[in-house]
Amino acid sequence: MQIYIFDSYEDLSTAAAAATADTLNLKPDSVLGLATGSTPLGLYRELIRMHREEGLDFSRVTTFNLDEYVGLPKTHPQSYHFFMNRNFFRHINILPQNTYVPAGTTNNHKAFCDWYENRIKESGGIDIQILGIGTDGHIAFNEPTSSLGSRTRIKTLSKQTRDDNSRFFEKPGDVPVYAITMGVGTILEARRIFLIATGAAKAVAVAGAIEGPVSSMNTGSALQLHQDVVVFLDNEAAGKLKLIDYYHWIQENEPDAPEVLRKQP
Ligand code: PGA
């Protein structure tokens with residue numbers, strides 16, 4: 001894993017966006033795996049800015065989102081369809097037919113999940129998968145004890161996740177109990193993975209993912225099995241890492257580190 005620690009959320013978002021844009025410029029028909037939640041908002045804002053001011057082109061890009069709540073229609077303000085349109089898609093020149101988000105209202109989950117997996121394969125596979133991490137270590141909605149070989153499927157959300165996400169709903173009882181989520185195995189097939197985390201509430205989960213044993217108790221730890229993971233953290237999210245001095249040293253001295261990933265002077 002390459003671990004980069006930044007002084008602010010803005011800096012880590014800018015670095016993650018610059019690294020994403022590098023890939024889009026090299027491969028204009030890239031396939032991006034996208035995440036929802038508070039964490040990637042800064043990255044999306046920066047990509048939108050680059051589109052408006054620097055002409056970053058999404059016209060040939062395809063995207064696959066990680067997950068969607070079961071039971072929420074696309075028009076529901078807390079659905080991930082709605083989130084992606086509001087916070088990203090409608091601000092860039094991506095073609096709506098090239099944006100895939102799992103269907104929360106399908107009545108044949110198994111068939112839908114198989115179709116979603118196939119669409120990813122037929123699109124050539126994911127070039128960069130953007131990931132946040134839950135306070136329980138989940139990536140996408142792969143809650144603790146999810147199989148590390150899992151594929152896209154229905155998952156029951158943990159109480160911790162429902163509590164964490166209740167801030168977006170009118171009352172805690174409104175948080176859906178189930179989600180459709182890419183599996184850990186699906187995520188590990190992406191060519192490159194960007195894990196982004198911010199804030200002290202994520203420090204334990206981040207440390208478990210990067211330094212803990214590989215365990216389904218923290219599905220983020222499965223990323224240790226992938227050969228090209230870049231982790232973007234702020235100081236707070238990095239606060240429980242045991243080898244933090246090592247990561248800082250590499251970030252400041254590693255001659256091969258791409259310029260955008262270097263710590264700002
Ligand atoms: P958050 O969610 O970005 O809203 O903290 C992350 C996650 O649950 O994966």
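Here are four short exercises, with worked solutions, on the predicted model shown above.

**Exercise 1. The ligand and its surroundings**

Task: Find where the ligand sits, which residues are around the ligand, and how much of its accessible area the protein covers.

Solution:
- Start with the location: the largest pocket holds the ligand.
- Next, list the neighbours. Gly37, Ser38, Thr39, Gly132, Ile133, Gly134, His138, Arg167 and Lys202 are the residues around the ligand.
- Now look at individual atom pairs. For serine 38, a backbone N or O atom lies 2.9 Å from a ligand oxygen atom.
- Threonine 39 uses its side chain: one of its polar atoms there is 2.4 Å from an oxygen atom of the ligand.
- Lysine 202 also places a polar side-chain atom by a ligand oxygen, at 2.6 Å.
- Finish with the coverage: on its own the ligand has 280 Å² of accessible area, and the protein covers 83% of that.

**Exercise 2. Histidine 138**

Task: Locate histidine 138 and decide: is this residue buried or exposed?

Solution:
- Trace the chain to the loop between β6 (128–131) and β7 (153–156), where histidine 138 is found.
- Check the relative accessible area, which is 10% for histidine 138. Buried means under 20%, so histidine 138 is buried.
- Then collect the contacts, leaving aside neighbours within four places in sequence: Gly132, Ile133, Glu143, Thr161 and Thr219.
- Return to the ligand for a link with the previous exercise: His138, Gly132 and Ile133 are among the residues around the ligand.

**Exercise 3. Glutamate 117**

Task: Which helix contains glutamate 117, and why does this residue count as buried?

Solution:
- Begin with the secondary structure: glutamate 117 belongs to helix α4, which spans residues 109–122.
- Apply the cut-off of under 20%. Glutamate 117 counts as buried because its relative accessibility is 9%.
- Complete the picture with its partners: beyond four places in sequence, glutamate 117 is in contact with Arg151, Thr152 and Thr186.

**Exercise 4. Glycine 71**

Task: Describe the place of glycine 71, its exposure, and its separation from glycine 239.

Solution:
- Go to the loop between β4 (67–69) and α3 (80–87), which holds glycine 71.
- Read the relative accessibility, 48%. Exposed would need over 50% and buried under 20%, so glycine 71 counts as partly exposed.
- Look for contacts, not counting residues up to four places away in sequence: glycine 71 touches Gly104 and Thr105.
- Lastly, compare chain and space. Glycine 71 and glycine 239 are 168 residues apart along the chain, and 37 Å separates their C-alpha atoms.

Key:
Residues numbered from 1 in each chain as written. Predicted model: local features only at pLDDT ≥ 70, side-chain atom pairs only at ≥ 80, totals over all residues. Heavy atoms only, no water. Helix = DSSP H or I, 4+ residues; strand = E, 2+ residues; numbered from the N terminus. Buried < 20%, exposed > 50% of the residue type's maximum accessible area, 1.4 Å probe, protein only. Contact = heavy atoms within 4.5 Å. Near = heavy atom within 4 Å. Polar contact = N/O pair within 3.5 Å; in protein donor to acceptor, adjacent residues only side chain to side chain. Areas by Shrake-Rupley, 256 points an atom, 1.4 Å probe, with all protein chains shown as cover. 1 Å grid on protein atoms, 1.4 Å probe; cavity = no way out; pocket = protein on both sides within 12 Å on 5 of 7 lines; lining within 4 Å. Sits in = over half its atoms within 2 Å of the grid points.
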